[in-house]
Amino acid sequence: MVQQRPSSRLPGFFKRPLAERAALISRWAGLDTSDQAVLLGMAGLNATGADHLIENVVGVYALPLGIATNFLINGRDYLIPMAVEEPSVVAGVSFAARLARDGGGFVASSDDPVMIGQIQVLDVPDVYVAAGQVMAIKEQLLEEANCCDLTIVGLGGGARGLEVRPLLDTPAGPMLIVHLLYDVRDAMGANTVNTACEKLAPMIESATGGRVNLRILSNLADHRTATAECTIHPDELETDELPGPEVVRGIVEAYAFAAADPYRAATHNKGIMNGMDAVCIATGNDWRALEAGAHAYAARSGRYSSLSEWWVDRENNLRGRLRLPVAVGTIGGATRVHPAAGVVLKILGIQSARELAEIMVSVGLAQNLAAIRALATTGIQAGHMRLHARQMAVAAGASGEMVQQIVEAMIAEGSIRLDRAQELVREMKD
Ligand code: MEV
């Protein structure tokens, strides 16, 4: 049963002091005092805990955790934690989520969480014959793969299929690639799939007489995609300078640029990943896997292109759609080991990895809208300036009220530079 929650529409949230924002989120998500201590950096991952996660640990590295507001996804309200160092990302995505909310919010869906494991078979006399030999023992292979993770199988996951892909022309000569399709349920799945591939290798060697080299998951998880769509009324997009339909046209033209040009598509897609990575990191998921899958998917036609699409519908609304592989979990990996990731999952209040993927793809679409709307209207720098000035002031050694005074002074002067911020700090301290 999905619990009803208060609205995620929190006008003026960004204007409140940090302590009030943290208290509001704690009430909204029902966090206890130990969760709050983790959020505020008073507890959570320390060097001793980190020492259990990776090798050669000498400390921990912190990132800001912001909350994106206004998200309505499949009729449910979400406040979305994002771990990111870049100014404007959280503000931009919250703004775009408010625009989408007025058009009914995001409609998101996802595939079953089926990952691909790859097994590379070499030294066979004929790759097509070897492909037949593998398919002849398909049922035994799937049964064996199911023995690798009885928990996942018990939860309804497990081996779903086998594919054979002869590669005739490679720098190492012909080879056969076997794909194991495996439903990993709420896990990201890398460990389960890698274990299964390693388990199947000897059976494949004896069936084909060949030699197995690599046995590893593919990050091009194109059986595990998530899709989000949204509709924005042109009036929502009106600015002081431009009527709504002109902004809609500018956004569709921005999309067309990314669809046609890989140089622009890389930046357009980077904007999408600004949002998706931030949620991926906050939930303790593997953002490199997400990135690899996204960009490989963007090049699936043979030419790198835009991951999203934007168009005008019959009612002259702006419509957007984003689809890409989203291989993330809510169990396993750092998701349950990193204390902050645990609190983030509580704030999200999600039931499954698929729900997380649907949130992430909606965030990606919103982030993309925020970026191309800004680019097609005032340009990206206007919004960045105030935050950039804040960073300069803090880097120059300002604290407390002095930060704001320096920001206002630099904006008034139209010169936002570290040396000027340092000068102002010196003057104010004198
Ligand atoms: C900056 O981090 C992201 C953007 O460059 C994305 C885009 O150009 O669409 C603003």
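**Entry 1. Ligand surroundings**

I began with the ligand in this predicted model. I listed the residues that surround the ligand: Glu86, Arg264, Thr267, His268, Lys270, Gly271, Asn274, Ala371, Leu375 and Ile380.

I then looked up polar side-chain atoms beside the ligand's oxygen atoms. For Arg264, I recorded 2.7 Å between an N or O atom in the side chain and an oxygen atom of the ligand. For Lys270, I noted a polar side-chain atom 2.7 Å from an oxygen atom of the ligand. For Asn274, the corresponding entry reads 2.9 Å, again from a polar side-chain atom to an oxygen atom of the ligand.

**Entry 2. Helices α11 and α14**

I next turned to helix α11, which covers residues 262-282, and helix α14, which covers residues 353-376. At what angle do the axes of α11 and α14 cross? I found a crossing of roughly 135°, with the axes coming within 8 Å. That angle makes α11 oblique to α14. I entered the crossing of this pair as right-handed.

I wrote out the contact from each side. Helix α11 contributes Arg264, His268, Gly271, Ile272, Asn274, Gly275, Met276, Val279 and Cys280. Helix α14 contributes Leu356, Met360, Val361, Val363, Gly364, Gln367, Asn368, Ile372 and Leu375. By class, I noted 10 nonpolar residues, 7 polar and 1 charged in this contact.

I compared this list with my first entry. Arg264, His268, Gly271, Asn274 and Leu375 take part in the contact between α11 and α14, and these residues are also among those surrounding the ligand.

**Entry 3. Helices α10 and α14**

I stayed with α14 and looked up its contact with helix α10, residues 244-260. The two axes come within 9 Å and cross at roughly 115°. The two helices are therefore roughly perpendicular to each other. I recorded that α10 passes α14 in a right-handed crossing.

From α10, the contact involves Val247, Gly250, Ile251 and Ala254. From α14, it involves Leu369, Ile372, Arg373 and Ala376. I noted 6 nonpolar residues, 1 polar and 1 charged. I marked Ile372 of α14 in particular, since it appears in the contact with α10 and also in the contact with α11.

**Entry 4. Helices α5 and α8**

I then examined helix α5 (residues 127-136) and helix α8 (residues 190-208), whose axes come within 9 Å and cross at roughly 125°. The pair is oblique as a result of that angle. I entered the passage of α5 across α8 as a right-handed crossing.

Which residues of α5 and α8 meet? I found Ala130, Gln133 and Val134 in α5, meeting Ile204, Ala207 and Thr208 in α8. I counted the classes as 4 nonpolar, 2 polar and no charged residues.

**Entry 5. Val57**

My last search concerned Val57, which I placed in the loop between α3 (47-50) and β1 (65-73). Leaving out residues up to four places away in sequence, I found that Val57 touches Ala47, Ala50 and Asp51.

How far apart are the C-alpha atoms of Val57 and Leu72? I recorded a separation of 40 Å for these two residues, which are 15 residues apart along the chain.

Key: Residues numbered from 1 in each chain as written. Predicted model: local features only at pLDDT ≥ 70, side-chain atom pairs only at ≥ 80, totals over all residues. Heavy atoms only, no water. Axes fitted to C-alpha atoms, helices over the stretch in contact; angles between N-to-C directions. Helix = DSSP H or I, 4+ residues; strand = E, 2+ residues; numbered from the N terminus. Parallel < 35°, antiparallel > 145°, perpendicular 65-115°, else oblique. Left-handed = near helix turned anticlockwise from the far one by under 90°. Contact = heavy atoms within 4.5 Å. Nonpolar A, V, L, I, M, F, W, Y, C, P; charged D, E, K, R; others polar. Near = heavy atom within 4 Å. Polar contact = N/O pair within 3.5 Å; in protein donor to acceptor, adjacent residues only side chain to side chain.
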